[in-house]
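Biologist: I would like to learn how to read a protein structure one feature at a time. Could you walk me through this one, with the general idea and then the case at hand?

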Amino acid sequence: MKAAFLTGIRQLEIRETPPPKIKGPHDVLLRVGVVGVCGSDVHYYTTGRIGSMVVKYPEWTGHECAGTVVGIGEEVKRLEVGQRVAVDPLIPCGHCDQCSSGREHTCRNQNFLACPGQGPGALADYLVMPERSCYPIPDGMTLVQAAVIEPLSIGFYAQRLAETQPGAKIAILGSGPIGLCVLLASRAASDCMVYSTDLLDERLAMARRCGAAWAGNPKQIDVVHAIRELEPLGVDFVFECAGQQETFDQAIELLKPSGTLLMIGIPEVDRISFNIHTLRRQEIRLQSVRRQNQCMAPAIELVSKGVIKIDPLVTHQFSLAETKQAFDLVADYRDGVVKAIVHVSE
Ligand SMILES: [Zn+2]
Ligand SMILES: [Zn+2]
């Protein structure tokens, strides 16, 4: 089969590799249909690492995927051949303390698709996944929509952790795909007031389209001052989706006393600092968000019912042979890209 491999910094090749086989009774073999390009894939592509996770070349890539079941292990019960599924890229061990307490996303022995030394990549003709990681999609849903379910589930999970109430004031710092997914999930959950920021004007336009009441570019205005003028008491929640020291600082300045900072962005640096005195005097709560937990199914439901419209997020589409162009486009933030997807087969 054909599969995409990272072969060096900013190098990616489509290579021939043996197709995977069903190993366990609960495995399913998928014909990969569509794969979304994620910011984390691009981090590995441009820098070769995220924190302590370091790429050893050649390395698989791609994890946001949807496909069709073409083979099943003997004990697979929920799925059958021909079914289309959205894939949760996480393969949990199923028996550690985290898995036993409903926290598979922090499983101590997890394999995640295309994380260095862990699972294979989704940018391949075929993929074997445990049945539990595959979520059937309804007939009306496209594979492109299904490939965006995983990032949407992260927005949904962050929103669920925040437990925002109707009328909540929310700032979302960073309006890339994850920031926009947080926005869509927040607006779907309650009638909240959302202030969005980003360095790219196209993304601010997209944020307004997705339901932000206000959107501002920190390259052009002092966003803290501008939001504070509209919300003199500060905001209840900040979703940090950029991973920059600057946005963490803005978050602390925007929050009201007892406000909550949800940390979703992936910083390129290993350490971020806070003004500890503001943090403690305002009794600000910090909540990190590790991908998502059990939010794939509710995300599928919200999209299939039309409550959340994710189609506008998909701005660019490529073939498997064009995967490198897709990665370069996302890495360079060119051409108004939000979510680029790769059609492996369809
Ligand atoms: Zn992702
Ligand atoms: Zn586990």
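**Reading the metal sites, the core and the backbone**

Modeller: Let's begin with two cysteines: Cys99 and Cys107 are both buried. Please keep in mind throughout that this is a predicted model.

Biologist: Which residues coordinate the zinc ion (ligand 2)?

Modeller: To read a metal site, look for the donor atoms, then their distances, then their angles. Here the SG atoms of Cys93, Cys96, Cys99 and Cys107 coordinate the zinc ion (ligand 2), at 2.4 Å. Along the chain these donor residues follow the spacing C-x2-C-x2-C-x7-C.

Biologist: What is the geometry of the site of the zinc ion (ligand 2)?

Modeller: Four donors count as tetrahedral if all angles lie between 85 and 135 degrees. The angles among the four donor atoms of this zinc ion (ligand 2) run from 101 to 118°, so the site is tetrahedral.

Biologist: And which residues coordinate the zinc ion (ligand 1)?

Modeller: Cys38 through SG, His63 through NE2 and Glu64 through OE coordinate the zinc ion (ligand 1), at 2.2 to 2.5 Å. The spacing of these donors in sequence is C-x24-H-E. Cys38 sits in the loop between strand E3 (27-36) and helix H1 (39-47), and His63 in the loop between strand E6 (59-60) and strand E7 (64-72), so this pair ties together parts that are 25 residues apart in sequence. Be careful before calling the site complete: water is not among the atoms, so sites may look incomplete.

Biologist: Are Cys38 and His63 buried or exposed?

Modeller: Cys38 and His63 are both buried.

Biologist: The loop between E6 and E7 also holds Thr61. Why does Thr61 count as buried?

Modeller: Burial is read from relative accessible area, and the cut-off for buried is under 20%. Thr61 has 2% relative accessibility, so Thr61 counts as buried. Beyond its neighbours within four places in sequence, Thr61 is in contact with residues including Ala4, Leu12, Asp41, Ala114, Leu123 and Phe327.

Biologist: Asp41 belongs to H1, doesn't that helix deserve a look of its own? Which residues of H1 are buried?

Modeller: The buried residues in H1 are Ser40, Asp41, Val42, His43, Tyr44 and Tyr45. Next, look for what lies over them. The cover includes strand E1 (2-8), strand E2 (11-16), E3, strand E4 (49-50), strand E5 (53-54) and helix H11 (323-331). After H1 comes Gly48, with a positive phi near 75°.

Biologist: How should I read helix H8 (residues 245-254)?

Modeller: A general idea helps: an α-helix has 3.6 residues a turn, so residues three or four places apart point the same way. In H8, the buried residues are Thr247, Phe248, Gln250, Ala251, Ile252 and Leu254. Among the elements covering them are E13, helix H7 (223-230), strand E16 (235-240), strand E17 (255-263) and helix H9 (276-281).

Biologist: Now the backbone. What should catch my eye there?

Modeller: Most residues other than glycine have a negative phi, and most peptide bonds are trans. In this model, the peptide bond from Tyr57 to Pro58 is cis, with omega near -10°. Pro58 is in the loop between E5 and E6.

Biologist: What is the phi of Glu163?

Modeller: Glu163 is not a glycine, yet its phi is positive, about 50°. Glu163 lies in the loop between helix H4 (149-162) and strand E13 (169-173). With a relative accessible area of 59%, Glu163 is exposed. Tyr333 is another case, with a positive phi near 50°, and its place is the loop between H11 and strand E20 (339-343).

Biologist: Finally, empty space. How many cavities of 30 Å³ or more does the structure hold?

Modeller: A cavity is closed to the probe, whereas a pocket is open. The structure holds one cavity of 30 Å³ or more. The largest cavity has about 40 Å³ of space, and its lining consists of Asp88, Leu90, His105, Phe112, Glu150, Arg291 and Gln292.

Biologist: What is the volume of the second largest pocket?

Modeller: The volume of the second largest pocket is about 400 Å³. It is lined by 23 residues, and the closest to its centre are Lys23, Asp27, Ile91, Val128 and Met129. Strand E11 (residues 126-130) gives the most to this lining, with five residues. By class, the lining of the second largest pocket has 12 nonpolar, six polar and five charged residues.

Conventions:
Residues are numbered from 1 along each chain as its sequence is written. Chains are lettered from A and ligands numbered from 1 in the order in which they are written. This is a predicted model: local features need pLDDT of at least 70, side-chain atom pairs count only at pLDDT 80 or more; totals for chains, interfaces and linings use all residues. Side-chain values use heavy atoms; hydrogens and water are left out. Donors are N, O and S atoms within 2.8 Å of the metal (3.2 Å for Na, K and Ca); water is not among the atoms, so sites may look incomplete. Helices (H or I, at least four residues) and strands (E, at least two) are DSSP runs, numbered from the N terminus. Buried means under 20% relative accessible area, exposed over 50%, partly exposed in between (1.4 Å probe, protein chains only). Four donors count as tetrahedral if all angles lie between 85 and 135 degrees; four count as square planar and six as octahedral if opposite donors are over 155 degrees apart and all others between 65 and 115; anything else is irregular. On a 1 Å grid over the protein atoms alone, a cavity is a set of points where a 1.4 Å probe fits but cannot get out, and a pocket is an open set with protein on both sides within 12 Å along at least five of seven lines; lining residues have an atom within 4 Å of a point. Grid points are joined across faces, edges and corners, and a volume is the space filled by probe spheres set on the points. Ala, Val, Leu, Ile, Met, Phe, Trp, Tyr, Cys and Pro count as nonpolar, Asp, Glu, Lys and Arg as charged, and the others, Gly among them, as polar. Contact means heavy atoms within 4.5 Å.
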